[in-house]
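Here's a quick tour of side-chain pairings and sheet layout, written for someone who'd rather have distances and angles than adjectives. Have the structure open while you read.

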Amino acid sequence: MKGVVLVEQDVLLTMRGICKSFPGVKALQNVDFTLRRGEIHALMGENGAGKSTLIKVLTGVYSKDEGDIVLDGQTAVIRNPQDAQNMGIATVYQEITLCPNLSVAENIYIGRGKDKSVKWKKMYTEADKILENLDIPAKGNMQLGNCSLAVQQMIAIARAVDMDCKVLILDEPTSSLDEQEVAKLFKLMRDLKARGVGIVFVTHFFDQVYEVSDRITVLRDGQLVGEYLIENLPRVQLVSKMLGKELDEQEDLRAEHPAFEQEAGAAPIFEAEQLQSNAGIYPFDFYIKKGEVNGFAGLLGSGRSECVRAIFGADKVIGGTVKKNGKKIKIRRPIDAMKNGIAYLSEDRKSDGIIGDLSVRDNIILASQVLKGFMRPYSKAEANKLADEYIKLIQVKTASRDTPIKSLSGGNQQKVIVARWMLMHPEYLILDEPTRGIDVGTKQEIQKLALQFASEGMSVTFISSETDEMLHTCSRLIVMRDRKVVGELSGEDLTSNKIMSTIAGGEDK
């Protein structure tokens with residue numbers, strides 16, 4: 001095993017040499033994982049690291065290609081989720097899978113009784129005992145839907161515990177909970193830990209990992225990075241291992257890519273004060289100046305995308321104000337943002353970007369046509385002229401303007417979406433993961449486009465999971481952690497080391 005070598009004491013579960021492949025993808029490559037009785041073990045890694053695949057192998061959703069699983073000293077053959085459940089492996093997912101229209105007791109016992117006649121009084125009494133034993137503030141006869149999300153999560157855990165689970169997997173259990181609800185859930189987790197249950201805790205909240213976990217296993221790109229005692233892995237090192245770069249190996253790329261020169265005393269063109277949406281981000285302040293390229297930095301799940309979606313009105317705004325050139329504007333929907341000169345390239349080009357069956361031409365003119373109004377459509381000649389102009393401007397490689405966009409490479413699909421927003425002549429362009437899944441050459445072209453747009457006076461926000469890309473393009477970074485803005489970096493502070501230490505929560509943490 002990589003990382004810290006640990007003495008195997010009171011081991012409950014071992015997974016050794018686990019491999020799992022899908023067509024064209026090695027999701028897990030010789031991954032090891034060890035869980036001990038009475039411990040809370042955090043499983044960490046960026047999206048695509050292999051966490052979900054490893055859990056699905058353990059719970060029988062996927063069959064492994066290679067490797068061994070040993071539970072309680074016995075080889076475990078797990079062919080399906082029922083096998084896992086019978087062996088005492090239970091999972092509570094981020095999305096609650098219980099039935100809100102049924103009672104708490106029914107949710108605890110559903111699917112477990114073979115007796116056709118239900119003894120309701122006995123079921124409620126037994127459910128009350130379980131709830132009381134676990135200090136869960138609910139009664140068996142209550143309707144589940146009337147309970148808070150936190151209590152529903154606890155009831156899902158109670159169901160697993162009553163089924164004599166030995167291994168409890170909690171997959172992002174706190175993502176929809178407030179701080180008080182998280183505290184209650186952690187109390188229950190600690191109680192279960194004291195009873196000898198081994199808990200696998202999957203989360204992207206760093207503070208929560210360090211508050212409640214005993215050990216951390218880190219995966220990256222389907223491989224094991226290492227297993228560490230919580231006290232032996234400072235936060236900044238955890239960030240390094242998740243991203244794949246040690247601090248002393250990183251370069252300060254800002255020296256090679258000078259920041260865009262701002263006019264002295266330039267006022268913000270757009271700014272937000274205590275902006276908040278229904279996507280779970282904390283209220284944040286934001287500003288951008290004319291010709292500036294700034295960005296949101298942070299690990300996946302930190303709230304980067306949610307911030308720009310709030311600015312664009314893609315998520316429902318529930319608080320705060322937005323100003324343009326010092327005057328308040330209302331952005332309730334994306335069309336409001338577009339009318340105020342804001343364009344947004346989403347991180348998910350397949351779902352929120354391209355319309356696969358439409359031509360390159362029709363995809364390019366889409367946003368502009370929305371602003372113009374569908375009652376005043378572009379003529380065929382106008383549409384062709386505009387498409388040809390932007391295909392040439394952004395160097396889209398396509399057989400013709402009539403080619404269905406789904407036939408293009410990922411990089412050229414992305415260029416078409418950039419062209420779509422450029423045709424709108426925005427004052428402010430938001431690029432969220434514009435280079436994800438495309439080749440290196442096209443990545444550089446898109447970075448150069450962002451800098452070119454800024455040099456012509458456009459304001460640009462650039463978001464990328466790759467730190468180097470942010471350093472190539474941004475003169476100022478807003479740093480996110482756990483859905484909060486935790487810092488802002490510019491000038492000499494704009495280095496990989498400083499970004500990572502800010503994400504982690506400080507140099508000495």
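Let's start with D315, which is buried at a relative accessible area of 13%. Keep in mind that this is a predicted model. The side chain of D315 meets that of R309 in a salt bridge, 3.1 Å from N to O. R309, for its part, is partly exposed, with 21% relative accessibility.

**Salt bridges**

That pair is one of 24 salt bridges in the structure. The general idea is familiar: side chains of opposite charge can pair when their charged atoms come close. Here are three of them side by side:

| Pair | N to O distance |
|---|---|
| R79 and D83 | 3.0 Å |
| D214 and K193 | 2.9 Å |
| D315 and R309 | 3.1 Å |

How exposed or buried are the two ends of the R79 and D83 bridge? R79 is exposed, at 62% relative accessibility, whereas D83 is buried, with a relative accessible area of 12%.

Now for D214 and K193, whose side chains also meet in a salt bridge. D214 is in the loop between helix 7 (206-212) and strand 9 (215-220), while K193 belongs to helix 6 (residues 179-194), so this pair ties together parts that are 21 residues apart in sequence. K193 is partly exposed, its relative accessible area being 26%.

Salt bridges also link up into a network, made of D10, R37, D72 and K166.

**Aromatic rings**

On to the rings. The structure has nine aromatic pairs. In one of them, W120 and Y124, the ring centres are 6.1 Å apart and the planes make an angle of 40°, so the pair counts as tilted. Tilted is what's left between the two cut-offs: planes under 30 degrees apart would be stacked, and over 60 edge-to-face. Both residues belong to helix 4 (residues 120-133), where being four residues apart separates them by about one helical turn. How accessible are they? W120 is partly exposed at 40% relative accessible area, and Y124 is partly exposed too, at 25%.

Elsewhere, F270, F284, F286, F296 and Y428 come together as one aromatic cluster.

Charges turn up over rings as well. K484 has its charged end over the ring of Y282, 4.6 Å from the centre. K372 lies over the face of Y378, with 5.1 Å to the ring centre.

**The six-stranded sheet**

Zooming out, there's an open sheet of six strands in the order 6-7-8-3-9-10, with mixed pairing. Which strands stand at the edges? Those are strand 6 (89-92) and strand 10 (223-229), each with a single partner strand, so one side of each has no neighbour in the sheet. From one strand to the next, the twist averages 20°.

Strand 6 runs parallel to strand 7 (residues 167-171), and four bridges join the two. If you want a register check, A90 has L168 in strand 7 as its bridge partner.

Two helices lie across strands of this sheet. Helix 1 (residues 51-58) lies across strand 3 (40-44), strand 6, strand 7, strand 8 (198-202) and strand 9, and runs at about 130° to strand 3. Helix 6 lies across strand 3, strand 7 and strand 8, at about 150° to strand 8. Helix 6 is also where K193 sits, the partner of D214 from the loop that comes between helix 7 and strand 9.

Technical notes: Residues numbered from 1 in each chain as written. Predicted model: local features only at pLDDT ≥ 70, side-chain atom pairs only at ≥ 80, totals over all residues. Heavy atoms only, no water. Phe/Tyr/Trp six-rings, centres within 6.5 Å; stacked < 30°, edge-to-face > 60°. Buried < 20%, exposed > 50% of the residue type's maximum accessible area, 1.4 Å probe, protein only. Lys NZ or Arg CZ within 6 Å of the ring centre and 35° of its normal. Salt bridge = Lys/Arg side-chain N within 4 Å of Asp/Glu carboxyl O. Pairing = 2+ DSSP bridges. Axes fitted to C-alpha atoms, helices over the stretch in contact; angles between N-to-C directions. Contact = heavy atoms within 4.5 Å.
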